[in-house]
There are 2 protein chains.
Amino acid sequence: MVIDGRLARGQARRQEILRGAITLIAHQGVSAVTHRAVAEAAGVSAASTTYHFETLDDLLIAAFYEATGQLRAELAELTERASREGADVTEVCGDYAVTMVTDRREATLACMELALAAVRRPGLVPATAALFERLTDLIALYVDDRRDAATIAAAIQGLLLMAFLERDDGVRLRASVVDLLHRYGMHNH
Amino acid sequence: MVIDGRLARGQARRQEILRGAITLIAHQGVSAVTHRAVAEAAGVSAASTTYHFETLDDLLIAAFYEATGQLRAELAELTERASREGADVTEVCGDYAVTMVTDRREATLACMELALAAVRRPGLVPATAALFERLTDLIALYVDDRRDAATIAAAIQGLLLMAFLERDDGVRLRASVVDLLHRYGMHNH
DNA sequence: ATATTTACGGGACATTTGTCCCATAAGATG
DNA sequence: CATCTTATGGGACAAATGTCCCGTAAATAT
């Protein structure tokens, strides 16, 4: 069976719309996400966004899955590689933290916006939790107790926010993350 | 000179409006803050909110100062007392963290919303930084290095977010905070 | 007592919002 | 070819929004 070209193009545009929404969230916050604004950001008509996402909430939830999905995939791959190659987890975490506030700045900010929004919208919790799980997976390679790993993951979230507020380029953040991990891993040495 | 009763009553209503805005932010997010919604939450007319706060941004910034102000005052008093009485800072921090997700839930949530908003609105940064400073002050009683104290303060912010997401009643949070502080204070013992 | 200042309610305005409807082009299917 | 199906664009609609204006009551000042 051949793939329907129309469906394929539709899905492609759907992705463009989601990317537009994520960029919008990162730049101007969740409140800036309107059908029309997303349409303009994605370079499509407003009707197109209502076609692919019946309601705005659907669009937001989908954008959240998209944004976290990227980071989740990267984290999972990082975890797999670090586990295989026996890399220094503290260094890997430090490097990736820097990536989150530089290259992945938009997606990270979007995730933080939406994680906070999840406090009020139960529908967003599972995806948020999934992202936390992936980060915890990576840290758990270094810290035995998974509960501790979860604590560290949450703490790193706070460090990321501070880095954004201080317009830190990542240097300070990197040191903080590495140091934090060392504090919890000391008993391993 | 006698105080103008009208001005006094005006300021009182101004406070009511701010309280309404803070409650609104905590319950439904920053986006729910509209002149009319705030007016209804505060039990006043919409015109009254536009009278006391010419623009919505003014209202938001004022609400932020109000919300952080409460917490800042409490933290400052806590720091002063702990310093005077030589109390166990880890216990004080643990207890107050629990307070933040229970009794002070609304104000704390509002602060987190607005701290994140500060990433995009430079006007909100000073107040956010001031709140962080107060928290850092308290922690600095326990951890010598102020840089470390700031890191811990940021980390606690992350733990608070996680507590909200997990609907933690504070038990888990308290343990995490105390443990985190012990990790950084170990060299003191 | 009269005038002035302050606080506030009611209402209006243009703009933006979510959402829906219809026409049409492009691709798939018979 | 004819016939669906899918994806979009253009446009419309009511509702909500920020903001402004006018009238008025109450407190103060002269």
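Modeller: Quick definition before we start: Ala, Val, Leu, Ile, Met, Phe, Trp, Tyr, Cys and Pro count as nonpolar, Asp, Glu, Lys and Arg as charged, and the others, Gly among them, as polar. This is a predicted model, where local features need pLDDT of at least 70, side-chain atom pairs count only at pLDDT 80 or more, and totals for chains, interfaces and linings use all residues. Residues are numbered from 1 along each chain as its sequence is written, with chains lettered from A and ligands numbered from 1 in the order in which they are written.

Colleague: Thanks! How do the residues of the surface near DNA strand C divide?

Modeller: Into 10 nonpolar, 8 polar and 7 charged. A residue is near a strand if its C-beta atom, placed from the backbone, lies within 6 Å of it.

Colleague: And which residues come nearest to DNA strand C?

Modeller: Gly5(A), Thr34(A), Gly10(B), Ser45(B) and Ala47(B), out of 25 around that strand. H1(B) provides the largest share of this surface, 5 residues. Helices here are DSSP runs (H or I, at least four residues), numbered from the N terminus.

Colleague: What about DNA strand D, which residues are closest there?

Modeller: Gly10(A), Ser45(A), Ala47(A), Gly5(B) and Thr34(B), among 24 that surround DNA strand D. H1(A) gives the most to that surface, with 5 residues.

Colleague: Switching topic: how many residues of chain B are in contact with chain A?

Modeller: 30 residues of chain B, with 30 of chain A; contact means C-beta atoms, placed from the backbone, within 7 Å. On the chain B side, H8(B) supplies the largest share, 11 residues.

Colleague: Nonpolar, polar or charged, how does that side divide?

Modeller: The side of chain B that touches chain A has 19 nonpolar, 8 polar and 3 charged residues.

Key. Helices (H or I, at least four residues) and strands (E, at least two) are DSSP runs, numbered from the N terminus. Two residues are in contact if their C-beta atoms, placed from the backbone, lie within 7 Å.
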